[in-house]
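This report examines one helix and a residue in the loop that precedes it. The sequence and the structure are shown first.

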Amino acid sequence: MRQKTENNKLIVSQQPIFGKHNYKFMFIGLAIIALGFILMSGGGSDDPNVFSDAIFSWRRIRLAPALVIIGFGVQVYAILSRPKSD
């Protein structure tokens with residue numbers, strides 16, 4: 001809710017804070033973050049006496065955290081960008 005004063009009168013506009021542009025990028029960012037966490041999961045062994053090197057794969061060490069960070073960057077962009085007039 002944005003407020004402006006003109007000639008000692010309070011005017012309250014009922015414009016939404018975020019537009020379609022912002023929400024589109026918010027959902028894209030959430031999808032990227034979810035994909036990063038999905039790629040990060042797994043890699044364990046069913047037998048506790050056996051060590052699995054799968055937890056050190058390139059996908060879990062490099063790709064998944066990079067996707068999560070990129071997703072958070074998209075979220076920051078979605079929040080800070082001005083709503084486009086539709």
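## Basis of the description

Helices and strands are DSSP runs numbered from the N terminus, a helix having at least four residues and a strand at least two. The model discussed here is predicted.

## Helix α1: length and faces

Helix α1 comprises 21 residues, from 20 to 40. At 1.5 Å a residue it should span 30 Å, and its end C-alpha atoms are indeed 30 Å apart, so expectation and model agree.

Seven positions are listed as buried in α1: H21, N22, M26, G29, I33, G36 and L39. Because these buried residues fall within an arc of 155° when seen down the helix axis, they line one face of α1. That buried set packs against α2, which covers residues 58–80. On the face turned away from the buried side, the exposed residues are K20, F27 and I38.

## After the helix

Just beyond the end of α1, G42 adopts a positive phi of about 85°.

## F18 in the preceding loop

F18 lies in the loop that joins β2 (9–13) to α1. Its relative accessibility is 23%, and since buried means under 20% and exposed over 50%, F18 is classed as partly exposed.

Leaving aside residues up to four places away in sequence, F18 touches Y23, M26, A78, I79 and P83. One of these, M26, is also among the buried residues of α1. In addition, the C-alpha atoms of F18 and S81 are separated by 8.9 Å, although the two residues are 63 residues apart along the chain.

Note on methods:
Residues are numbered from 1 along each chain as its sequence is written. This is a predicted model: local features need pLDDT of at least 70, side-chain atom pairs count only at pLDDT 80 or more; totals for chains, interfaces and linings use all residues. Side-chain values use heavy atoms; hydrogens and water are left out. The expected span of a helix is 1.5 Å times one less than its number of residues. Buried means under 20% relative accessible area, exposed over 50%, partly exposed in between (1.4 Å probe, protein chains only). The arc is that of the directions from the helix axis to the C-beta atoms. Contact means heavy atoms within 4.5 Å.
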